[in-house]
Amino acid sequence: MSADGLRVAVVGATGAVGTVMLRLLRERRFPAREVVPFASERSVGRELHGGLVVAPLTDETIQGFDVALFSAGATRSREWAPRFVDAGAVVVDNSSAFRMVDDVPLVVSEVNPEALDGHSGIVANPNCTTMVAMLPLKALHDEFGLVSMVATSYQAAGGAGQSGIDELAAQIAPLASDVGQLCEDGAAAASKVSHSVHHATLAFNVVPLLGTLGEDGHTDEERKLRDESRKILGIPELVVSPLCVRVPVMVGHGVAVRATFAQEVDLDRALGVLRAFPNLVVDDVPTPLEYAGRDEVAVGRVRLDLGDARTLNFFVVGDNLLKGAALNTVQLAEALLERGLVGGQARASAA
């Protein structure tokens, strides 16, 4: 750690995303003179990698930080993020708590970093599914002018946290032991295992319900895909038809997108802007398994629509724990530092 670097808090440090945040801070050599992990009361005092010790969240312990990275859930973020800001830190929050608050920037590091310039202490990280789709959509929007999209997500069990992964893992062996039953009496197979995290048995299955249903039949997860896309891309009237589906993948979300633009799409130009976009890989057949553990987002099956010259179809995948959550959070901290919006530079400019 740098002797003259920033003092960094990681809130939710023992969770799946928080653990990755700590690793990325080390691997990317973030200029921190001290990193302090915070977690729930049951984890206080626990020693983590590198000798870091989990601290309790109190008004005394949160003083003196330059930046605080949050992945502790919306309830805890609403309670503690403003306190960190009052104590002098810039907060990058990975929950849904502040994403749609007007004066809170909602930022993907490669897509709209300029939005950071208007922050008032809190910066929001998008939903992991929205995040994956934003890179190719931004590249294509700048070239052709996005007006609408149909987006169907294929979301990993890990999107529900470690409990989602554990539930899927526990279902696999009991169902795999009788392939004939899977083929001939699926309902009986599904009933052999329990589920509480996902809405139905997920092993050897897909579940077309993800999130909390609203009165209009859409889930909160689907509304996030619409609302957050509009805010990030700066297209308030963007028409979005979303469907979010849980699939039996441990880590890595996919999204099938049918994107319609203001002008006709030239496929060669489209592929060119996709290949040139930072941290976006064009792959013939991108799969979530093959991109689990990779920083890049991958887009493939890029093709002109069969019935509309202004429409392009593609499939995009990305690791929901990395680019979908922890990586973008750390990248935003890096961008804040680069733009002089955190630490001593920010305090000096404010004065």
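Which residue lies over the face of Phe-65? In this predicted model, that residue is Arg-7, at 4.0 Å from the ring centre.

## Aromatic pairs around Phe-38

Let's turn to the rings themselves. A pair of aromatic rings is described by the distance of the centres and the angle of the planes. The structure holds 6 aromatic pairs. In one of them, Phe-38 and Phe-65 have ring centres 5.8 Å apart. Their planes meet at 70°, so this pair is edge-to-face, given that planes over 60 degrees apart count that way. The contact links distant parts of the chain, with the two positions 27 residues apart in numbering: Phe-38 belongs to strand 2 (residues 32-38), while Phe-65 is in the loop between strand 2 and strand 3 (67-70).

Phe-38 also pairs with Phe-84, the ring centres being 5.9 Å apart. Here the planes are at 85°, so the arrangement is again edge-to-face. This pair, too, links distant parts of the chain: Phe-38 in strand 2 and Phe-84 in helix 2 (residues 74-86) are 46 residues apart.

## Burial and the ring cluster

How buried are these partners? Phe-38 has a relative accessible area of 0%, so it is buried. Phe-84 counts as buried at 0% relative accessibility, and Phe-65 counts as buried at 2%.

Ring pairs also bring in Phe-70: together with Phe-38, Phe-65 and Phe-84, Phe-70 is linked into a cluster.

## Arginines over rings

Back to the opening question: Arg-7 sits over the face of Phe-65, a member of that cluster. Elsewhere in the list of such contacts, Arg-83 lies over the face of Trp-80, at 4.2 Å from the ring centre.

Notes: Residues numbered from 1 in each chain as written. Predicted model: local features only at pLDDT ≥ 70, side-chain atom pairs only at ≥ 80, totals over all residues. Heavy atoms only, no water. Phe/Tyr/Trp six-rings, centres within 6.5 Å; stacked < 30°, edge-to-face > 60°. Helix = DSSP H or I, 4+ residues; strand = E, 2+ residues; numbered from the N terminus. Buried < 20%, exposed > 50% of the residue type's maximum accessible area, 1.4 Å probe, protein only. Lys NZ or Arg CZ within 6 Å of the ring centre and 35° of its normal.
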